[in-house]
Amino acid sequence: MKVVYASRKGHVEGIVKRLGISDAVKIVDGSEKVDGDYVLFTYTDGNGIVPPVVEKFLEANKGIKAVVGSGNKEKHPTTFNFAADIIAEKYNVPIIAKVDLDGTDEDMETIKKGLA
């Protein structure tokens, strides 16, 4: 399964690197193309919205099978990982994990199991 990710402050990219996924596709401007199925790793933008570049990517790439969200519980407790919730509902896919910032070792194990 391919991994696609968007990372604004480096937390999501750090998660992907900690998982040892070297062939992941980074969403830079939303125009990227992926053939086949993929798992999306994303952050939440602003006050609980899906980042516009992720929206653009999702509109052009229909193979999403699951989502992993990264957020900041301290700064955004009421909208923590809302992008993952929105994407899961809109595309009818499961959420593998909702991670605070770079995540814990336990989060990494949860994600590995979800990807397997």
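Two strands are said to pair if DSSP finds at least two bridges between them. In this predicted model, β3 and β4 meet that criterion, pairing in the parallel sense over 6 bridges. Within this pair, Tyr 38 stands opposite Ile 64 in β4.

The pairing of β3 with β4 belongs to a wider arrangement. The strands form an open sheet of 5 strands in the order β2-β1-β3-β4-β5, with parallel pairing. At the edges stand β2 and β5 (residues 95-100), each with a single partner strand, so one side of each is left without a neighbour in the sheet.

On its other side, strand β3 (residues 38-43) pairs in the parallel sense with strand β1 (residues 2-5), here over 4 bridges. Two residues of β1 may be located by their partners: Val 3 stands opposite Val 39 in β3, and Tyr 5 stands opposite Phe 41 in β3. Strand β1 also pairs with β2, in the parallel sense and over 2 bridges. In that pairing, Val 4 stands opposite Val 25 in β2.

How many of the residues of β3 are buried? The strand is mostly covered, with 6 of its 6 residues buried. Both of its faces are covered. Tyr 38, Leu 40 and Thr 42 lie on one side, Val 39, Phe 41 and Tyr 43 lie on the other, and all are buried. Two of these residues have already appeared in the strand pairing, Val 39 opposite Val 3 and Phe 41 opposite Tyr 5.

The helices may now be placed against the sheet. Helix α1 lies across β1, β2, β3, β4 and β5, and runs at about 140° to β3. Helix α3 (residues 82-91) also packs on the sheet, where it touches β3, β4 and β5. The direction of α3 makes about 165° with that of β4.

Two loop residues offer a contrast in accessibility. Gly 20 is found in the loop between α1 and β2 (residues 25-26). Because its relative accessibility is 56%, Gly 20 counts as exposed, the cut-off for that class being over 50%. Gly 20 and Asn 61 are 41 residues apart in sequence, and their C-alpha atoms are 24 Å apart in space. Thr 79, by comparison, lies in the loop between β4 and α3. Thr 79 has a relative accessible area of 8% and is therefore buried, since buried means under 20%. Leaving aside residues up to four places away in sequence, Thr 79 touches Thr 44, Asn 47 and Gly 48.

Thr 44 leads on to the largest pocket. About 310 Å³ of space lies in this pocket. Which residues lie nearest the centre of the largest pocket? Of the 19 residues that line it, Arg 8, Lys 9, Thr 44, Gly 71 and Asn 72 lie nearest the centre. Helix α1 (residues 11-18) and strand β4 (residues 64-71) each supply at least two residues of the lining. By class, the lining of the largest pocket has 4 nonpolar, 11 polar and 4 charged residues. Thr 44 thus appears in two settings: it is touched by the buried residue Thr 79, and it is among the residues nearest the centre of the largest pocket.

Definitions and conventions:
Residues are numbered from 1 along each chain as its sequence is written. This is a predicted model: local features need pLDDT of at least 70, side-chain atom pairs count only at pLDDT 80 or more; totals for chains, interfaces and linings use all residues. Side-chain values use heavy atoms; hydrogens and water are left out. On a 1 Å grid over the protein atoms alone, a cavity is a set of points where a 1.4 Å probe fits but cannot get out, and a pocket is an open set with protein on both sides within 12 Å along at least five of seven lines; lining residues have an atom within 4 Å of a point. Grid points are joined across faces, edges and corners, and a volume is the space filled by probe spheres set on the points. Ala, Val, Leu, Ile, Met, Phe, Trp, Tyr, Cys and Pro count as nonpolar, Asp, Glu, Lys and Arg as charged, and the others, Gly among them, as polar. Buried means under 20% relative accessible area, exposed over 50%, partly exposed in between (1.4 Å probe, protein chains only). Contact means heavy atoms within 4.5 Å. Axes are lines fitted to C-alpha atoms, for helices over the stretch in contact, and angles run from 0 to 180 degrees between N-to-C directions.
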